[in-house]
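Student: I have a structure open in front of me and would like a close look at a single part of it. Could you take me through one strand and its partners, and then show me what surrounds that part?

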Amino acid sequence: MKSYGFGIIGLGVMGQEMAELLTAHPRFHVVAGFDPSRPAVPFPLLADAAAVVNDPRVEAVYTATPPAHHEAIVRLAVGAKKPIFCEKPLSSSAASAQICCDLVASVGIPAAINFSFAARDVPVRIARVVKSGALGRIESVHLRVRFGQWPRSWQSGAGAWLAGPAEGGFTREVISHFVFLANRLFGPGSLVGSEVERGPAGTETKLVATVQHPTIKFTIDAGIGGRVDDDNRFTVKGSAGEISLVDWSKLDYAGDAGPALPASSQLDALADLLDGKPNQTATFAEGLAVVELIEAMLAGK
């Protein structure tokens, strides 16, 4: 089967991790990259982002730059008519996220957002259980998240942007994943209200929000003050039981959630997208919907 050559723009923590994952998958290989810090990586580093996108060996582009640069990378990919796999959030601005959606739609290139809950094991099995009716009538959805610090200890090399209010903060970086999941499980949400507390740097230290989906409310309780880097629990409660996603990858459910998916399921879905097959990747339209909700939350609306 065809192996797609990827060019990676942004080689911080996420970019280098994705490079390793792509290299380990039989359907992908990394042929070039760019990062202004010029990290040591096992593939050629080119002069700039445009050089990566326009390299003839690059068949698809992955960007893990800070969100403010995503629109520029999308414009390059659209100009070259090459598929784009974009790190979340799509943007830190709803207006810019809309532009990104319009751009990829204008040329019809394959495009996806790297929301890890789109095709991975536990979220997909939770969706199976919810849609099967095994939980009965869905009564509530709740997310509780606590961080020991922000940025988390393993993100110390990610750059100052992650700790600042313009592009970073835990709401964009973490809560967006769960907002995506709730939208996919229960339909598009609209913000009922939010309360935000901020620290000296202007980045949020606490977020309480309520999102109304077509048939249920999704409540969020997040903040800094935990004992570990990241402690999270997303729970769907129904009249006949409940199911939870715990700490990103653990399933807490008393019933049968069906067979597990392979560890490669997220990148398998990406391969299906590039092959032109039906797939479970997160679309740019889904990414836009998340940005709109997240930015409204941060505005305290």
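Tutor: Happy to: what follows starts with one strand and its partners, then turns to salt bridges, the largest pocket and the cysteines. Please keep in mind that this is a predicted model.

Let us begin with strand S6, which covers residues 138–147. On one side of the pairing list is strand S10 (residues 231–238), joined to S6 by eight bridges in the antiparallel sense. If you want a place to enter this pairing, go to Ile-138, whose bridge partner in S10 is Gly-238. Strand S6 also pairs with strand S9, made of residues 217–224. Here the two strands run parallel, and seven bridges connect them. A handy landmark is His-142, which stands opposite Thr-219 of S9. So S6 has an antiparallel partner in S10 and a parallel one in S9, because at least two bridges are what it takes for strands to pair. While you are looking along the strand, a general point may help: side chains in a regular strand alternate between the two faces of the sheet.

Stay with S6 a moment longer, since Glu-139 takes us on to charged contacts. The side chain of Glu-139 forms a salt bridge with that of Arg-137, with 3.4 Å from N to O. How open are these two to the outside? Glu-139 is partly exposed, at 43% relative accessibility, while Arg-137 reaches 56% and is classed as exposed. In general, oppositely charged side chains can pair when their charged atoms come close.

Across the whole structure there are 14 salt bridges, and two others are worth visiting. Arg-198 and Glu-204 form one of them, their closest N and O atoms lying 3.9 Å apart. The two ends have different settings: Arg-198 is partly exposed at 40% relative accessibility, whereas Glu-204 is buried, because its 2% falls under the 20% limit. Another salt bridge links the side chains of Asp-247 and Lys-250, again with an N to O distance of 3.9 Å. Asp-247 is partly exposed at 25%, and Lys-250 is also partly exposed, with a relative accessible area of 49%.

Now turn to the largest pocket, whose volume is about 1,100 Å³. Its lining consists of 49 residues, and those nearest the centre are Val-13, Met-14, Gly-15, Glu-87 and Lys-88. Helices H1 (13–24), H3 (70–80), H5 (121–132), H6 (170–186) and H7 (265–275) each bring at least two residues to this lining. Of the contributors, H1 gives the most, with seven residues. Sorted by class, the lining of the largest pocket holds 25 nonpolar, 15 polar and nine charged residues.

Last come the cysteines. The number of disulfides is zero. Look at Cys-86: the nearest cysteine sulfur belongs to Cys-100 and is 6.6 Å away, and Cys-86 is in no disulfide. Taken from the other end, Cys-100 is in no disulfide either, and its nearest cysteine sulfur is that of Cys-86. Why does this pair not count? A disulfide needs sulfur atoms within 2.5 Å, so the 6.6 Å between these sulfurs rules it out. Both residues are buried, Cys-86 with a relative accessible area of 0% and Cys-100 at 0% relative accessibility.

Terms used: Residues are numbered from 1 along each chain as its sequence is written. This is a predicted model: local features need pLDDT of at least 70, side-chain atom pairs count only at pLDDT 80 or more; totals for chains, interfaces and linings use all residues. Side-chain values use heavy atoms; hydrogens and water are left out. Helices (H or I, at least four residues) and strands (E, at least two) are DSSP runs, numbered from the N terminus. A salt bridge is a side-chain nitrogen of Lys or Arg within 4 Å of a carboxyl oxygen of Asp or Glu. Buried means under 20% relative accessible area, exposed over 50%, partly exposed in between (1.4 Å probe, protein chains only). On a 1 Å grid over the protein atoms alone, a cavity is a set of points where a 1.4 Å probe fits but cannot get out, and a pocket is an open set with protein on both sides within 12 Å along at least five of seven lines; lining residues have an atom within 4 Å of a point. Grid points are joined across faces, edges and corners, and a volume is the space filled by probe spheres set on the points. Ala, Val, Leu, Ile, Met, Phe, Trp, Tyr, Cys and Pro count as nonpolar, Asp, Glu, Lys and Arg as charged, and the others, Gly among them, as polar.
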